[in-house]
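Student: I would like to learn how to read a model like this one, feature by feature. Where should I begin?

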Amino acid sequence: MTCINIDSLTSVTKIIRTCPSCGHLIKYEEKGGIHNLPGLPAGVKFDPSDQEILEHLEAKVRLDAHKLHPLIDEFIQTLEGENGICYTHPEKLPGVAKDGLVRHFFHRPSKAYTTGTRKRRKVHTDIQGNETRWHKTGKTRPVVLKNKVKGHKKILVLYTNYGKQRKPEKTNWVMHQYHLGDNEDEKEGELVVSKVFYQTQPRQCGGVNNNIKNNSCPPPLPQVRTSQVGSQFVQCFNPTTLISFEHSNPTMTTTSRLPNFNNLPDASFIP
């Protein structure tokens, strides 16, 4: 619900909007823009889902006054030209810091070269020729809304020390880029939205050997194999641990003893 009251004496447009999430009435004055708004309560965060991000992008692209939230530019800033994401280190982007918080930006990708369709990912090159650039990781994923593909999402990681005969170094800077449409790749100059953040949480556990060495993950459980020998049920662990149980009488107290291996076939199940 939107109520508009125009004060002819002060040329101020007084507007009341209803928050679509909680129904709270928001009163503010508009003088060619949004002014005199009260601050948001502590703890309020802008954390839209993939689908909601594309809805904000669609409203921005179409300039749909009914869908474009009046505060969206306060939460998703627009970066243009040489101030864009692929021209500026994320540390120098407005509001971005190594605090793990996510910042959102509207921007327009550009070509890396005058010919071809490859997009610019290079941020800058230092005097030694080392490049800092965004590198796409994983597959481009479709974002589905109401059983239809609304757009696509790319995940990129910032690398340094790019160059010939150099080993690129992975940083903790991450970017999720969203664009509208059925195509997996965005068009040149198309408006997209990206969220940028510094990953402060430890990455998921990798190989087993590294996990045990770093004590970051529990060691793997021992491998267990079983075999039926007469009335005896034998479990074989690695390292070798042999325990036999009698199943003829469930009420009997379970005892542990070494099984009789004299009647085993040639193909032994002992590790």
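The dialogue below goes from the whole chain to a sheet, its strands and single residues.

Tutor: Begin with the origin of the coordinates: this is a predicted model. Then take the overall counts. The protein has three helices and 14 strands, and buried residues make up 29% of its 271 residues.

Student: What share of the contacts with a separation of 6 or more is between residues 24 or more positions apart?

Tutor: That share is 47%. For the surface, the accessible area of the protein is about 18600 Å², with 50% of it belonging to carbon and sulfur atoms.

Student: How do I read a sheet? In what order do the seven strands of the open sheet come?

Tutor: Read a sheet by strand order, then pairing sense, then edges. Here the order is S5-S6-S11-S10-S9-S8-S7, and the pairing is mixed. The edge strands are S5 (76-78) and S7 (122-125), each of which pairs on one side only. From one strand to the next the twist averages 20°.

Student: What packs on this sheet?

Tutor: Helix H1 (residues 50-62) does, touching S5, S6, S8, S9, S10 and S11. The direction of H1 makes about 60° with that of S10.

Student: Take S11. How many bridges link S11 to S6, and how many link S11 to S10?

Tutor: S6 (residues 103-107) and S11 pair in the antiparallel sense over five bridges. S10 and S11 are also antiparallel, with six bridges between them. For the register, look at individual partners. His104 is bridged to Lys195 in S11. Met175 has Val196 as its bridge partner, and Val174 has Phe197.

Student: Are the faces of S11 covered or open?

Tutor: To judge that, list the residues on each side of the strand. Val192, Ser194, Val196 and Tyr198 are on one side of S11, Val193, Lys195 and Phe197 are on the other, and all are buried. Counted along the strand (residues 192-198), that is seven of seven residues.

Student: Now a single residue, His176 in strand S10. Why is His176 classed as buried?

Tutor: The cut-off for buried is under 20% relative accessible area. His176 is buried because its relative accessible area is 12%. Beyond its neighbours within four places in sequence, His176 contacts Lys153, Lys154, Ile155, Val193, Ser194, Lys195 and Phe197.

Student: How do I read a nonpolar core? Which residues have the most contacts inside the largest one?

Tutor: Look at the core's membership, then at the elements that supply it. The largest core has 14 residues, and those with the most contacts inside it are Ile85, Leu93, Phe105, Trp134, Trp173, Met175 and Val196. Strands S9 (148-162), S10 and S11 each give two or more residues to this core. Apart from it lies another core of 10 residues, including Leu57, Ile76, Leu191 and Val193.

Student: Which residues does Ile85 touch?

Tutor: Not counting residues up to four places away in sequence, Ile85 touches Leu79, Leu93, Phe105, His107, Val123, Trp134, Met175, Ser194 and Val196.

Student: Last, how is an aromatic pair described?

Tutor: A pair of aromatic rings is described by the distance of the centres and the angle of the planes. The structure holds two such pairs. One of them, Trp173 and Tyr198, is edge-to-face, with 5.0 Å centre to centre and 70° between the planes. Trp173 lies in S10 and Tyr198 in S11, so the pair ties together parts that are 25 residues apart in sequence. Both Trp173 and Tyr198 are buried.

Note on methods. Residues numbered from 1 in each chain as written. Predicted model: local features only at pLDDT ≥ 70, side-chain atom pairs only at ≥ 80, totals over all residues. Heavy atoms only, no water. Helix = DSSP H or I, 4+ residues; strand = E, 2+ residues; numbered from the N terminus. Buried < 20%, exposed > 50% of the residue type's maximum accessible area, 1.4 Å probe, protein only. Contact = heavy atoms within 4.5 Å. Pairing = 2+ DSSP bridges. Core = buried A, V, L, I, M, F, W, Y, C linked by side-chain atoms within 4.5 Å. Phe/Tyr/Trp six-rings, centres within 6.5 Å; stacked < 30°, edge-to-face > 60°. Areas by Shrake-Rupley, 256 points an atom, 1.4 Å probe, with all protein chains shown as cover. Axes fitted to C-alpha atoms, helices over the stretch in contact; angles between N-to-C directions.
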